[in-house]
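Reader: I am a first-year student, and I would like a close look at a single part of this model. Please take one sheet, go through what lies around it, and explain each term once as you use it.

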Amino acid sequence: MEFNGVEEEDMPVSPTGYYINSSVLSFSILCVWEIEVTIDDSPAISVLNDVFLPISPRFSSIMVTDNKGVKKWKKVEVNLKDHIKVPILPSGKSPQFYKKCLQDYLSKLSMEALPQSQPLWQLHLIKYPTNNADGTLIFKLHHSLGDGFSLMGAFFSCLQRADDPSKPLTFPTLKMRPLNNNNIHSMFRNVPRFFSSMYNTASDFCWSIVKSGFIEDDQTPIRSGNDTVGLGAMSIATMAFPLDQIKQIKANLGVEEQRVIVAKIRMRQQELQDEEETRTMFFKHKCSTKIG
C-alpha cells in the first residue's frame with residue numbers, strides 16, 4: 001500500500017522483508033499449539049494487547065511504501081478483533097472428524113495471503129477436541145516480522161510457569177561436569193569424532209552446492225518434480241517422535257538426535273514411496289486385465 005509521508009518512528013524494512021513480501025512471493029509461518037484443556041477465548045484480547053503487542057513494534061505495524069518507493073514499517077492502531085479467528089464446526093462429532101477438519105483448515109490457511117492493510121499476523125482458536133488435544137491454537141505470522149528464533153522467543157515470553165505464574169518461563173540448563181582423568185581420556189577419544197563431523201559438514205555443504213546448481217533432485221513423495229506444484233492445494237502431514245525412543249536409538253547407535261530424526265523421516269518417506277509404487281503397479285495390472 002502507498003504512503004506519502006514518512007514519520008520519524010517508521011522503521012525500514014530489511015532486504016529479506018522486501019524479498020519475501022511481494023506480489024510474487026510471500027512467506028508465512030504457522031505455529032500450532034495443541035492445548036490439553038478446552039480453550040477459553042475470553043482473555044485473548046487482553047493477553048494480546050498487554051503481552052503480545054508490546055514485544056515488538058512490528059506486531060502493530062504495517063508495511064508501507066513512501067513516495068520514493070522505499071518500504072517501511074508504519075505503526076498503526078490495531079483492531080484485535082480483526083486478527084482473532086474462531087471457526088465454527090459441526091458439534092457433537094468425533095475427535096477423528098475434528099482432526100480431519102483441522103488438517104483441512106491448516107491446508108486452506110497456508111494458501112491464504114495475509115491482508116496487507118493490517119499487521120501481518122493472525123490468531124486462530126480451534127475449540128474442538130482432536131485425537132491429540134482438547135483445543136488447538138494457531139498463530140499465523142508473516143516471515144518478514146522476524147526469523148524463527150526471534151518469533152519463538154516472542155511466543156515463550158507470553159507463557160507463564162504452571163507452578164508460579166509470577167516467574168518467567170525457564171528451561172533446564174546444561175551443567176558442566178568437573179574435569180577428571182576419565183573426562184580427559186574421553187576428550188581425546190572424541191577427537192576423531194570432531195574431525196569426522198568437520199568432514200561431514202564440508203561434504204554436505206559441497207554436495208548441496210552441486211545439487212542446487214548441476215544435479216536435479218530425485219522425485220519422491222515429498223518432491224513431485226512438477227513445476228506447478230506451488231500453485232496447487234497444500235496438504236499438511238505430521239509425525240510424532242517419542243523422546244524416549246529417540247534417546248534409546250541415540251544410546252544404542254551413538255549418534256546425534258538430528259540424525260535419528262532424519263533417519264526416521266527418510267524411512268517414512270521410503271514407505272510412502274513404496275506404497276505409491278504398489279498402488280501404481282496394481283492400477284496398471286488392473287487396467288491390463290480389463291483390456292485383455
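Author: The answer below starts with the whole chain, turns to one sheet and its surroundings, and ends with a second sheet.

This is a predicted model, so local features need pLDDT of at least 70 and side-chain atom pairs count only at pLDDT 80 or more, while totals for chains, interfaces and linings use all residues. Residues are numbered from 1 along each chain as its sequence is written, and side-chain values use heavy atoms, with hydrogens and water left out.

The protein chain has 8 helices and 7 strands; these are DSSP runs numbered from the N terminus, helices (H or I) with at least four residues and strands (E) with at least two. Of the 292 residues in the protein chain, 22% are buried. Buried means under 20% relative accessible area, exposed over 50%, and partly exposed in between, with a 1.4 Å probe and protein chains only. Contact means heavy atoms within 4.5 Å. Among contacts in the protein chain between residues at least 6 apart in sequence, 69% join residues at least 24 apart.

The part to look at is an open sheet of 4 strands in the order E2-E7-E6-E5, with mixed pairing. Its edges are E2 and strand E5 (84-85), and each has a single partner strand, so one side of each has no neighbour in the sheet. Two strands pair if DSSP finds at least two bridges between them. E2 and E7 are joined by 8 bridges in the antiparallel sense. At one place along this pairing, Leu30 stands opposite Lys140 in E7.

Helices lie against this sheet. H2 lies across E5, E6 and E7, and runs at about 145 degrees to E6. Helix H4 (residues 148-157) also packs on the sheet, where it touches E2 and E7, and its direction makes about 30 degrees with that of E2. For such angles, axes are lines fitted to C-alpha atoms, for helices over the stretch in contact, and the angles run from 0 to 180 degrees between N-to-C directions.

Two residues show the surroundings of E7 in detail. Lys140 belongs to strand E7, and at 2% relative accessibility it counts as buried. The C-alpha atoms of Lys140 and Ser28 are 6.7 Å apart, although 112 residues separate them along the chain. If residues up to four places away in sequence are not counted, Lys140 touches Ser28, Ile29, Leu30, Leu109, Glu112, Ala113, Leu114, Leu120, Trp121 and Gln122. Thr136 is in strand E7 too. Thr136 is buried, with 0% relative accessibility. On the basis that residues up to four places away in sequence are left out, Thr136 touches Val32, Trp33, Ile39, Leu102, His124, Leu125 and Ile126.

Strands of this sheet also help to line a pocket. On a 1 Å grid over the protein atoms alone, a pocket is an open set of points where a 1.4 Å probe fits, with protein on both sides within 12 Å along at least five of seven lines; lining residues have an atom within 4 Å of a point. The second largest pocket is lined by 21 residues, and Ile35, Val47, Leu137, Cys158 and Leu159 lie nearest its centre. Strand E2 (28-35), helix H2 (44-52), strand E6 (121-126) and strand E7 (135-142) are the elements that give two or more residues to this lining. H2 gives the most, with 4 residues. The lining has 16 nonpolar, 2 polar and 3 charged residues; Ala, Val, Leu, Ile, Met, Phe, Trp, Tyr, Cys and Pro count as nonpolar, Asp, Glu, Lys and Arg as charged, and the others, Gly among them, as polar. The volume of the second largest pocket is about 850 Å³, that is, the space filled by probe spheres set on the points, which are joined across faces, edges and corners.

For comparison, another open sheet has 3 strands in the order E1-E4-E3, with antiparallel pairing. Its edge strands, strand E1 (11-12) and strand E3 (61-65), each pair on one side only. E1 and strand E4 (residues 71-75) pair over 2 bridges, and Pro12 stands opposite Lys72 in E4. E3 and E4 are joined by 5 bridges and run antiparallel; the bridge partner of Thr65 in E4 is Lys71. The hairpin of E3 and E4 has 5 residues between the strands, and there Gly69 takes a positive phi near 85 degrees. In E3, 5 of the 5 residues are buried, so this strand is largely enclosed by the rest of the structure. Ser61, Met63 and Thr65 lie on one side of E3 and Ile62 and Val64 on the other, and both faces are covered.
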